[in-house]
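Biologist: Before I use this model at the bench, I would like to know what stands behind the words used for it. Please show it first.

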Amino acid sequence: ALYGARPSNILIYGQTGTGKTAVAKFICKQIVSKAETEGKKIHTAYINCKQTNTPYGILTNIGKTYSNDWEDKVPNAGWRIDKVYSALKEKADEDGGIAIVILDEIDTLVSKSGDDILYHLTGLNSDLDNSKISLIGISNDTKFTSWLDPRVKSRMGEESLTFAPYNALQIENILVQRAKMAFHEGAVEPLVLSYCSSRAALEHGDARKALDLLRISAEIAEREGKEIVTVEYVSKAENVMEHDLVRSLISTLPLQPKVTLASIILNRGSKENGQQTTGEVYNTYSLICKRFEVEQLTQRRVGHIISELDMQGLINAKVVSLGRQGRTRYISLSIEQSQIDGALDNDSFLSRVIKEIKMSGYLSSMQLRLI
Ligand SMILES: Nc1ncnc2c1ncn2[C@@H]1O[C@H](COP(=O)(O)OP(=O)(O)OP(=O)(O)O)[C@@H](O)[C@H]1O
Ligand SMILES: [Mg+2]
């Protein structure tokens with residue numbers, strides 16, 4: 001691109017944590033510094049479409065890379081979009097350089113605002129007389145192009161690139177490099193780095209996971225006043241990360257699954273091993289619905305919700321045969337008490353439901369254990 005050829009538009013795919021964003025930003029920097037030394041005009045815009053997902057916002061971001069006074073000339077909102085587009089085209093031609101625009105998480109842009117903006121941006125090159133623009137779209141959803149208009153699809157995906165997951169060794173290299181920057185020498189046992197890497201490699205080669213593990217291990221060690229991060233702390237960090245996951249999973253549950261889960265938490269203790277049947281869950285569920293004015297679903301629908309909670313790994317629902325009486329499910333929680341406590345701290349509705357129903361004494365006949 002530095003030598004005048006029109007650069008292709010590129011789509012980059014890859015699972016989370018495989019370095020797409022890091023590499024794209026790095027390459028941009030390289031291009032800019034090369035352009036500087038060679039006295040060529042090049043502009044780069046990095047746009048995270050999770051944050052900026054309106055056509056107006058995208059055009060503004062690109063416009064700003066051409067000139068500092070873009071914001072003075074073009075208001076942040078209010079113009080018709082084709083007017084902004086023309087302003088951008090004019091600026092680009094006046095400048096005569098090349099723009100490389102990275103649209104990270106491009107699938108969010110398409111799902112929020114459709115593909116019109118991509119249609120216009122990819123068409124910009126034929127409108128421009130004196131300058132060029134290249135789009136780099138990044139996504140971890142390989143199927144998002146099936147949403148695109150075929151013309152946009154072929155223009156956007158002139159080239160495509162897939163980032164393979166990192167293997168354990170590659171992740172370890174990244175960690176070693178980062179650890180050197182972040183820690184005093186000897187503060188991290190070498191085994192810690194290979195342990196974090198192998199855990200992350202198991203998780204589809206997610207370098208971010210390894211970095212998070214290392215960071216959290218070090219935080220825990222520091223909190224406990226230790227000078228050296230040992231493997232023991234990585235296990236602790238894994239526990240913490242899993243708890244966080246469960247906590248956010250529970251707090252983002254829709255109302256009905258949340259009430260169903262609350263029923264299961266409340267019922268636990270009324271049976272050996274905390275196991276309960278769908279009917280028992282439904283009784284408590286109905287009570288909560290009445291008391292908290294939640295729409296009451298049929299037992300059958302609640303049965304489906306129980307299956308969903310099972311699939312999410314929050315509960316365990318095992319089908320057992322009762323001989324002639326047919327079959328039922330034995331339902332139990334598959335998360336630990338500390339995870340429940342964490343979830344309750346984090347979710348005022350859930351904790352209110354559990355506290356009030358417990359206080360109401362309804363469940364005392366069920367030999368309720370302390371929750
Ligand atoms: N080759 C690398 N060298 C150094 N650090 C890297 C490398 N690859 C990834 N990382 C680091 O790993 C983390 C995750 O990488 P990155 O954010 O690029 O992933 P991604 O593929 O964009 O993921 P997502 O799809 O979730 O956006 C970042 O902190 C990044 O700095
Ligand atoms: Mg990314």
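What follows is a set of questions about terms, with answers.

Modeller: This is a predicted model, in which local features need pLDDT of at least 70, side-chain atom pairs count only at pLDDT 80 or more, and totals for chains, interfaces and linings use all residues. Residues are numbered from 1 along each chain as its sequence is written, chains are lettered from A and ligands numbered from 1 in the order in which they are written, and side-chain values use heavy atoms, with hydrogens and water left out.

Biologist: How do you know that strand E3 and strand E4 pair?

Modeller: Two strands pair if DSSP finds at least two bridges between them. Seven bridges join E3 (residues 98-104) to E4 (residues 132-139), so the two count as paired. They run parallel, and Ala99 stands opposite Ile133 in E4. The names come from DSSP runs numbered from the N terminus: helices are H or I of at least four residues, strands E of at least two.

Biologist: What makes E2 and E5 edge strands?

Modeller: Each pairs on one side only. The open sheet has five strands in the order E2-E3-E4-E1-E5, with parallel pairing. E2 covers 42-48 and E5 covers 159-163.

Biologist: What makes you say that helix H2 packs on the sheet?

Modeller: H2 (residues 55-66) touches E2, E3 and E4, where contact means heavy atoms within 4.5 Å. The direction of H2 makes about 150° with that of E2; axes are lines fitted to C-alpha atoms, for helices over the stretch in contact, and angles run from 0 to 180 degrees between N-to-C directions.

Biologist: Why is the largest pocket called a pocket and not a cavity?

Modeller: On a 1 Å grid over the protein atoms alone, a cavity is a set of points where a 1.4 Å probe fits but cannot get out, whereas a pocket is an open set with protein on both sides within 12 Å along at least five of seven lines. Lining residues have an atom within 4 Å of a point. The largest pocket is lined by 21 residues, with Gly19, Thr21, Ala22, Val23 and Arg178 nearest its centre. The largest share, five residues, comes from H1.

Biologist: How do you know that the lining draws on both domain 1 and domain 2?

Modeller: At least three lining residues come from each of domain 1 (10-163) and domain 2 (168-250), with bounds taken from an automatic or database domain assignment.
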